[in-house]
Amino acid sequence: MKILVIEDDQEAGAYMVKAFREAGHVADHAADGLDGYAMAREGEYDVLVVDRMLPKLDGLSLIRSLREQNVDTPVLILSALGQVDDRVKGLRAGGDDYLPKPYAFSELLARVEVLARRKKGANGEPTSYQVGDLVLDRLSHRVTRGGQEIVLQPREFRLLEYLMKHAGQVVTRTMLLENVWDYHFDPQTNVIDVHVSRLRSKIDKGQDVPLIQTVRGAGYMIRDGSR
């Protein structure tokens, strides 16, 4: 599970990130609302943990903005404001759950895991993809080939995930720009080629069977070339 913690209290944020990681999850931290908003839009997170009182952009405004941009990642709101009216405002802003402070981390973890399961059940997407001996685990954000772990940057991970989701199909540059970069401009830009080249050097270099293929004049495809 990949979690984004948006919390301006550095000590509290560091504690949550450390605790989530110790529980076996991937966790990132943003210290203000604007950075949190950008990271929530940029990265593919399973759950967002959002403090209500944030600098630069408050938690409820952040959530509303994400919902307006059709970002449907489940959100758990953390707040010292725990009255019924406060919880109602948080849920109506687009939050999926509301946990008043102070809280026990065991309860926070349980609520986050419930939100993640609910989301996976709703979209029906698999938690991992495999092409040949290449395996991508969406929950742990881990990629291996032949059992050897491959370290990818966030954008490389998203690119590979999209290719593997459409394994055996031609993926055009326009599709990649719109689904991996969220850009809508000239598909002839070389940003795609540069990132695919970097990804290919990590996935296929030194391998007998290359998996990422260029389909001339069309785009890219990932498939098990041994078949």
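## A small sheet and its helical neighbours

Strand S10 and strand S12 (residues 219-222) pair in the antiparallel sense over two bridges. This is a predicted model, so let us take its pieces one at a time, beginning with that pairing. Within it, Val-171 has Tyr-220 in S12 as its bridge partner. Helix H8 (residues 191-203) packs on the sheet, where it touches S11 and S12. The direction of H8 makes about 145° with that of S11.

How many strands form the open sheet, and in what order? There are three, arranged S10-S12-S11, with antiparallel pairing. S10 (171-172) and S11 (212-215) stand at the edges with a single partner strand each, so one side of each has no neighbour in the sheet.

Now for a pair of helices. Two packed helices are described by the angle between their axes and the distance between the axes. For H6 and H7, these values are as follows.

| Helix pair | Residues | Angle | Axis distance |
|---|---|---|---|
| H6 and H7 | H6 154-165; H7 173-181 | about 125° | 10 Å |

Why are H6 and H7 called oblique to each other? Angles over 115 and up to 145 degrees fall outside the perpendicular and antiparallel classes, and the angle of H6 and H7 is about 125°, so the two helices are oblique to each other. Their crossing is right-handed.

On the H6 side of this contact are Arg-155, Arg-158, Leu-159 and Tyr-162, which meet Met-175, Leu-176, Asn-179, Val-180 and Trp-181 in H7. By class, the residues of this contact are six nonpolar, one polar and two charged.

Key:
Residues numbered from 1 in each chain as written. Predicted model: local features only at pLDDT ≥ 70, side-chain atom pairs only at ≥ 80, totals over all residues. Heavy atoms only, no water. Axes fitted to C-alpha atoms, helices over the stretch in contact; angles between N-to-C directions. Helix = DSSP H or I, 4+ residues; strand = E, 2+ residues; numbered from the N terminus. Parallel < 35°, antiparallel > 145°, perpendicular 65-115°, else oblique. Left-handed = near helix turned anticlockwise from the far one by under 90°. Contact = heavy atoms within 4.5 Å. Nonpolar A, V, L, I, M, F, W, Y, C, P; charged D, E, K, R; others polar. Pairing = 2+ DSSP bridges.
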